[in-house]
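Colleague: As I am new to this structure, please take a close look at one part, the shell around ligand 2, and then place it in the wider fold. Which helices each supply at least two residues of that shell?

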Amino acid sequence: MSQDYRKMWESLGLDLPAHDALLEVLGKGYKDIFMAQENRPKGMSYFDFVISEVHGLRVKELLDEKAAGRKIIGSFCVFVPEEIVRAADATLVGLCTGADFATEEVEKLLPRNTCALIKSAFGFKLGKVCPYIESADMIVGENTCDGKKKSYETLNGLVKYLYVMDLPQTKSSQGRALLKAEYIRFKEEVEKLTGVKIDAARLKKGIEIVNSKRKAIHRLNSLRKADPVPISGLDALLANQVYFYDDPGRFTKSINALCDELEKRVQKGEGVFPKGTPRILLSGCPMAVPNWKVPWIIESSGGTIVGEESCVGERGTRNLVDDSGSTAEELMDAIVDRHFQIDCAIFTPNPDRLQHATEMFRGYNANGIIHYSLQFCQPYLMESIPVEKALEAKNIPTLRVETDYSMEDVGQLKTRVEAFIEQLK
Ligand code: SF4
Ligand code: SF4
């Protein structure tokens, strides 16, 4: 880290020894997994820097924004519309949910058989190791899966300002009406928090900022269709993870600079893995920082990941908001329309997800799909069996894995992934 941030962390109420231990594990994991890769694009040095400063410089920037009167809003889900937050000159940050922490304390509040993602959110709060959760002026929960929905009742007593957004469970006209009503309610809440009245001009600005981020990611995705692939799945996942908390303008610029470099690689036929390396599409639960276990297993077992059908991936970033409207109402409708297309497994039925996974498989020239579910995640686990059956009926080789954040099953997972990749060859 470029400077000593201990005073800043102390002021946020972090438990410094526990936080030191977390940073040590994170740093070591990053070095072993990311820095050990060969032939990485030079543009990834920006993302290495971001990760090295993830609890340092970025947090300082957020605190500086707060000192200048701006508000910080934390969220756990891609249904929380960043456009509305940006329209009020506030900042949206994704909250860390990718590692186990303070599990014993967490299991005093949540059942043991809760998914690792929810437990992680509680663990970072209870263990006092997350500067983002402590910096947030408001945290947005959303009524998606039952686990999250019910756990927010408990989280409400642990954080200073939890706002819960209701979400539809069906892609019906009533479902869209509910999403629209909830986005209007959210806009009003953001206006109250920030003291900013969100009009059409502000919404347009918010849409433009977020659409630019998404367009840069779309460009990155399209470059991953090449064989050999110019960037590893691990590095592309990292870019998708950083999407959630970096400054948006800087992020967009850095992704575009990375893409300039990758375009040259593709033109020269250069890649990170040899041409013909089995190409995997990863589909399922989102992978938040520092959940890198399954991608690392895949890419150290002779395969490469060419796309993520995931909320930290294409499910989260595909589709732009139509910015052609001229009134606030039209622009709000466009924001609703874009988000209503997200095919999260909480929707029933959810045929769009299967269709999207199939389109991605073909579009990215993949050879197989690995369906990843977190243990105890009912929506994705329930959906994984019909999805696997439907994909196999289309002759798409599919492997279903179910895991958590521990490293105990690495050997077993690696054996299964290696056998799957061998079969693809
Ligand atoms: S998987 Fe569903 S609940 Fe989770 S971030 Fe995506 S949309 Fe939200
Ligand atoms: S991983 Fe599954 S159970 Fe966990 S929060 Fe997401 S949808 Fe809910």
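Modeller: In this predicted model, three helices each give at least two residues to the shell around ligand 2: helix H7 (116–126), helix H9 (146–155) and helix H18 (378–393). The residues around the ligand are Cys-115, Leu-117, Ile-118, Thr-144, Cys-145, Gly-147, Lys-148, Cys-285, Leu-374, Cys-377, Pro-379 and Tyr-380. Nine of the shell residues are nonpolar, two are polar and one is charged. At least three residues come from domain 1 (6–195), and at least three from domain 2 (205–230 + 237–320 + 344–424).

The shell of ligand 1 may be set beside this one. Cys-77, Val-78, Phe-79, Thr-144, Cys-145, Pro-286, Cys-311, Ile-342, Cys-344 and Ile-346 surround ligand 1. Thr-144 and Cys-145 are thus listed around ligand 1 and also around ligand 2. By class, the shell of ligand 1 holds nine nonpolar residues, one polar residue and no charged residues. Ligand 1 lies between domain 1 (6–195) and domain 2 (205–230 + 237–320 + 344–424), because both domains give residues to its shell.

The meeting of the two domains deserves a description of its own. The C-alpha centres of domain 1 and domain 2 are 21 Å apart. Across the boundary, 39 residues of domain 1 are in contact with 41 residues of domain 2. On the domain 1 side, two or more residues come from each of helix H2 (16–35), helix H3 (44–52), helix H4 (57–67), helix H5 (82–87), strand E2 (91–94) and H7. H5 gives the most to that side, with five residues. The residues of domain 1 that face domain 2 in this way divide into 18 nonpolar, twelve polar and nine charged. H7 therefore appears twice in this account, once in the shell around ligand 2 and once on the side of domain 1 that touches domain 2.

H18, by contrast, leads to a sheet. Four strands form an open sheet in the order E6-E5-E7-E8, paired in parallel. Strand E6 (304–309) and strand E8 (398–403) are its edge strands, each pairing on one side only. From one strand to the next, the twist averages 25°. H18 packs on this sheet and touches E5, E7 and E8, its direction making about 170° with that of E7. Strand E5 (residues 279–284) and strand E7 (residues 368–374) run parallel and are joined by five bridges. Within this pair, Gly-284 has Tyr-372 in E7 as its bridge partner.

A second open sheet of four parallel-paired strands has the order E2-E1-E3-E4. E2 and strand E4 (162–165) are at the edges with a single partner strand each, so one side of each is left without a neighbour in the sheet. Here the twist from strand to strand averages 30°. Strand E3 (residues 138–142) runs parallel to E4, and four bridges join them. Gly-141 stands opposite Val-164 in E4.

For the protein as a whole, there are 19 helices and eight strands. The radius of gyration is 21 Å, close to the 22 Å that the globule rule gives for 425 residues, so the protein is as compact as a globular protein of that length. Its C-alpha trace spans about 60 × 50 × 45 Å along the principal axes.

Key. Residues are numbered from 1 along each chain as its sequence is written. Chains are lettered from A and ligands numbered from 1 in the order in which they are written. This is a predicted model: local features need pLDDT of at least 70, side-chain atom pairs count only at pLDDT 80 or more; totals for chains, interfaces and linings use all residues. A residue is near a molecule or strand if its C-beta atom, placed from the backbone, lies within 6 Å of it. Ala, Val, Leu, Ile, Met, Phe, Trp, Tyr, Cys and Pro count as nonpolar, Asp, Glu, Lys and Arg as charged, and the others, Gly among them, as polar. Domain bounds come from an automatic or database domain assignment. Two strands pair if DSSP finds at least two bridges between them. Axes are lines fitted to C-alpha atoms, for helices over the stretch in contact, and angles run from 0 to 180 degrees between N-to-C directions. Two residues are in contact if their C-beta atoms, placed from the backbone, lie within 7 Å. The radius of gyration is taken over C-alpha atoms; the globule rule is 2.2 Å times the number of residues to the power 0.38.
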